[in-house]
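Here are a few exercises to work through with the model open on your screen. Try each task before you read its solution.

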Amino acid sequence: MNKMFKKGLASRVLIILIIVASLFAIDISRLFYIQVAKGEEYAEKAKSQQLSDKEIEAMRGTIYDSEGNVLAQSATVWTVFLDPSNISDKNRMLIVDFLSKTFQYDDEKKDELLEKSKKDSKYVVVENKVDNIKKEEIAGFVSENKLSLCIGFKQATERYYPYENLASSVIGFTGADNQGLAGIESYYNDQLTGTNGRVITLTDSKSNSISSDYETSVEAQDGNSLVLTINSTIQYYLEKELRNTLEEYQAKGAYGVVMDCNTGAVLAMASMPDFNCNDPYKITYDKYLKEIDAAKSKEAKTALQSQYVQRQWRNFAVSDTYVPGSVFKTFIASAALEENVVNLNTTYNCTGSIKVDEYEMKCHYHPGHGVETFTQGLENSCNPFFVTVGQKLGVHNYFKYFDGFGFTQKTGIDLPGEASPQYYKEEQYGIVELSSASFGQTNSVTPIQMCAGLSAIANGGTYVKPYVVSEIKDKNGNSISKTTTTKVREVISKETSQQVCKMMKSVVDNGTGKNGYVAGYGVGGKTGTSTKLGESKPGEKDKYIVSFAAIAPTDNPQIAMLIICDEPNKDLGGGAICAPIAAVVVEEAMNVYGIEPKYSKEESKKLSIKTPNFVGSDVSSAEEKAKNAGLTCKIVGNGKVVKKQSPAAEKSIPTKGVVVLYTESSGNSKVKVPDFSGLTIAEVNKLAASKNLNIKISGNDNSNAQVIAYKQSEAKNNEVEIGTVITVTFKSTKAVLD
């Protein structure tokens, strides 16, 4: 019995020992697995639970215009977040009430915030992009109520564009991740983007920071800044006039480029409709908004919204091609003169059309221009004349200059999405293709190519590469690199350049470009119209692109410009629609360059003079003084001494203008400004005289029935003193689709 008991006991002890040994072996194996096999992995996990690694976002570089004005900059903003794991029921409503009041939440948003405060999480975002003022207000509340474990802040940056729409197609915009998505922001993204910093802090079991003594930080390195060639003054007036034209003619688009023809620097570039860089997804063109509203389904509205947003972002001047039309005749003229196949005395008898192979190529003036010189052929934009010039030039020489002026390759401008030209290769030309190409049809080029080519005509014959960034600076303002003028090739001689500049001046003085005239500055120009073949629906009339090229001043050119209007709703050419825009921009650009006007004798006769000071003079002396100055005076009141005058002394007044003299201190006679729009120069002068107002004539001052007022410095129905000088701008509305 005892033996059996002892034997059973021994067996049980052995089993227990085996079990204990097995468990011990399992533990040893598990310990080996954790500490050796998986040691590094678990060590990293432990470390990550003990360390907080926060990223500090670097500031994106600033973008400046040529005068140092900020066009794009980054500002510090904050993400406000909650750590619900540290929020107790005791302080929950205190936090929710304060944040709801700070961010002006309604009841629904407040309830959402309350739910956020109860989440099983250590990081719940309340608001992004909170400015410093509001952040400091919240930080004060946190400090006062000892809630640093409940409410936190994460630093970030936000891109801001002070001028909103200005140069938007050039500057572009950034996305939510601060990456450039369009324009300069995209092209120079690597330069503008900095390197983010980090703050590594030791934390406790609840991931709360233990002490700043255990903190390691790596400073963020801000991005480089860019200085653009864009001049904000020229850019502003270009955009203003393009926008007005877009609205007036309900066009598909209106585009413009202004270049310093000697350096290649782009002074202004715009594509309308444009967008607000701070809100790039918002539609800005009323025509688009109406079309979206008129869409019958939600899907159609969404599709149109997307289409029009994309169109607003597109920089037509760089990313699209078009058929240049008659503006291209300036290049044919340059090539023909350079090759001596014509000269300024060459004549041609235009009968209204010319037969080329089996085709009849018409002049825009169907009766024909008759006998004209080469300069007159350009003035009249005569297609048959330039067909004969192109044929004399021949395919080889034509293509040599087509290539020389830069139309066979991209310009290489520092902007994204530059389109490639679409053109016939030299071996593809026959007599028909050459003839058509000679008046600007057949090939498609980009506006920036055209403007760069015009610069070569203007600057003495050298093709220069266009660019928009003049300098890159580091965060401390030190220069990293500067762009210098790249002279690519000599295309034509200086003599040919001067001849073509004079021909272009004659186009503005005597031809289809009269609306580009600016008193005191020799403006050279060329109008153009091209049919958008294949883009009209059955039954629709042809769609057009009209344009105007300009250089100024022609005696020593500084700028080249191209203005385009895409599908205007009236059958008017580039001379009527685009040239007036160029005239405004030329005058502003000349002011920026500090170029003083040089008036001809005829222009001098029309100049304004400074109004003499009549105050304090007796009436008879004042009348004599006015007569000697070539002015008429109107006396208001029965006094004997002049107490007040309009216009005031030293103010500009047109020669033969009217100055109003008040002989009583209380004298004040006002009149409502009439609407001068649509009136001829004679009609405007007559109406102004009836109201005792002075008129200063601007723009196309040819006195004929087709030259009408389209802009005035004082809005209609404004009340002004009699004698006030009002600038009225005129343009020709002659429908020339050349």
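A disulfide is a pair of cysteine sulfur atoms within 2.5 Å. Before you start: this is a predicted model, where local features need pLDDT of at least 70 and side-chain atom pairs count only at pLDDT 80 or more, while totals for chains, interfaces and linings use all residues. Residues are numbered from 1 along each chain as its sequence is written, and side-chain values use heavy atoms, with hydrogens and water left out.

**Exercise 1.** Find how many disulfides the structure holds, and work out why Cys 578 has no bond to Cys 565.

Solution. Start with the count: there are zero disulfides. Next, take Cys 578: its closest cysteine sulfur is in Cys 565, and at 5.5 Å that is too far for a bond. Finally, check the surroundings of Cys 578: its relative accessibility is 0%, so it counts as buried (under 20% relative accessible area; exposed is over 50%, partly exposed in between, with a 1.4 Å probe and protein chains only).

**Exercise 2.** Describe how helix α9 packs with helix α20.

Solution. First locate them: α9 covers residues 232-248 and α20 covers residues 579-593. (Helices, H or I with at least four residues, and strands, E with at least two, are DSSP runs numbered from the N terminus.) Then get the geometry: the angle is about 170° and the axes lie 9 Å apart. Axes are lines fitted to C-alpha atoms, for helices over the stretch in contact, and angles run from 0 to 180 degrees between N-to-C directions. So α9 is roughly antiparallel to α20 (angles over 145 degrees; under 35 is roughly parallel, 65 to 115 roughly perpendicular, the rest oblique). Last, look at who touches whom, contact being heavy atoms within 4.5 Å: α9 brings residues including Ile 234, Tyr 237 and Leu 238, and α20 brings, among them, Val 584, Val 585 and Ala 589.

**Exercise 3.** Is Ile 87 buried or exposed, and which residues is it in contact with?

Solution. Place it first: Ile 87 is in the loop between β3 (70-82) and α3 (89-102). Its relative accessible area is 8%, so Ile 87 is buried. Now list the partners, skipping neighbours within four places in sequence: Leu 82, Arg 92, Ile 95, Ser 117 and Cys 150. For one more pair, Ile 87 and Lys 118 sit 31 residues apart in sequence but 8.0 Å apart in space, C-alpha to C-alpha.

**Exercise 4.** Find out how many residues of helix α13 are buried, and what covers them.

Solution. Count along residues 329-338: nine of the 10 are buried. Among them are Phe 331, Ile 332 and Leu 337. The cover includes α14 (374-379), α15, α17 (447-458), α18 (494-510) and β19 (524-531). Just after α13, Asn 340 takes a positive phi of about 60°.
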